[in-house]
Amino acid sequence: MSSAHFNRGPAYGLSAEVKNKLAQKYDHHREQELREWIEGVTGRRIGNNFMDGLKDGIILCEFINKLQPGSVKKVNESTQNWHQLENIGNFIKAITKYGVKPHDIFEANDLFENTNHTQVQSTLLALASMAKTKGNKVNVGVKYAEKQERKFEPEKLREGRNIIGLQMGTNKFASQQGMTAYGTRRHLYDPKLGTDQPLDQATISLQMGTNKGASQAGMTAPGTKRQIFEPGLGMEHCDTLNVSLQMGSNKGASQRGMTVYGLPRQVYDPKYCLTPEYPELGEPTHNHHPHNYYNSA
């Protein structure tokens, strides 16, 4: 069975659009750098088509064995598809142990079925960066940052608690020059307009308004009603000191019948409560009518 049976057919629709976008990210300049690096390490020549030369996984397994001896125990030289897939799988396991991050590693079908050559290239670049970090002479990729551990004495750690780090900000080179008292207005002016700088901070500009020409003519005491009228309508100006009838009137009022504040007032009906007759001086009390009062109950 040839490897052509494992190749996918042409993609259509959304799959074709995604495949084209991934193909556009493929860097042919990086491919040439990777080719020179792999051929220089393994001593084997890759064919004209870079990905087809790596498709059987043989060169990849030999390459990782050069970087990390003993990574792949057995390299299959067979042309069978499953043997080639096994080589690619062994290479992926080996570079994972070598230190390449899982999210940087391609899948076997990305190379074997030619579905995502861009991811294969990204994996080889990540492998180059890891090899450079481990001290190998590589002209491809970027060296990863090395872990820098520092140990401090307990006394130093305790002293650091009393120091405010620069991440919290700094007040160096700061001053209160030009600051005024809290709540005081600061004058804003534009030198281009030719305006003079005020002599003091208490100067009020016309932008804040002015009280020149103002008076209290016509002002009344707080709470006093002010009459609003329109001369054009023939309305007469009313005296603001007089209280209109709309506000109520106390004319004809008296305090007759008022009692001391808090005392109850008697409410009665003349039909049931008759006016009592009191005997005059010297009149005997037995002539008084005993039934002048009626019980309302």
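**Exercise 1.** In this predicted model, determine which residue just after α5 takes a positive phi, and describe its surroundings.

*Solution.* Step 1: the residue is Gly99, with a phi of about 125°. Step 2: Gly99 belongs to the loop between α5 and α6. Step 3: its relative accessible area is 26%; since buried means under 20% and exposed over 50%, Gly99 is classed as partly exposed. Step 4: Leu127 is 28 residues from Gly99 in sequence, yet the C-alpha atoms of the two are 8.3 Å apart in space.

**Exercise 2.** Establish how the buried residues of α5 are arranged around its axis.

*Solution.* Step 1: α5 spans residues 81–98, and its 26 Å from first to last C-alpha is close to the 26 Å expected. Step 2: its buried residues include Asn81, Ile88, Phe91, Ile95 and Tyr98. Step 3: the buried set covers an arc of only 165° and therefore lies on the same side of α5. Step 4: the face turned away from that side carries the exposed Trp82, Lys93 and Lys97. Step 5: the buried residues pack against α4, α6 and α7.

**Exercise 3.** Classify the aromatic pair formed by Trp37 and Phe63, and identify the rings that have a lysine over them.

*Solution.* Step 1: the structure holds 2 aromatic pairs. Step 2: in the pair of Trp37 and Phe63, the ring centres are 4.7 Å apart and the planes stand at 90°, so the pair is edge-to-face. Step 3: because Trp37 lies in α2 and Phe63 in α4, the pair ties together parts 26 residues apart in sequence. Step 4: both Trp37 and Phe63 are buried. Step 5: Lys55 lies over the face of Phe112, 5.7 Å from the ring centre, and the charged end of Lys134 sits over the ring of Tyr98, at 5.1 Å from its centre.

Methods
Residues are numbered from 1 along each chain as its sequence is written. This is a predicted model: local features need pLDDT of at least 70, side-chain atom pairs count only at pLDDT 80 or more; totals for chains, interfaces and linings use all residues. Side-chain values use heavy atoms; hydrogens and water are left out. Helices (H or I, at least four residues) and strands (E, at least two) are DSSP runs, numbered from the N terminus. The expected span of a helix is 1.5 Å times one less than its number of residues. Buried means under 20% relative accessible area, exposed over 50%, partly exposed in between (1.4 Å probe, protein chains only). The arc is that of the directions from the helix axis to the C-beta atoms. Contact means heavy atoms within 4.5 Å. Rings of Phe, Tyr and Trp (its six-membered ring) pair if their centres lie within 6.5 Å; planes under 30 degrees apart count as stacked, over 60 as edge-to-face and the rest as tilted. A charge sits over a ring if NZ of Lys or CZ of Arg is within 6 Å of the ring centre and within 35 degrees of the ring normal.
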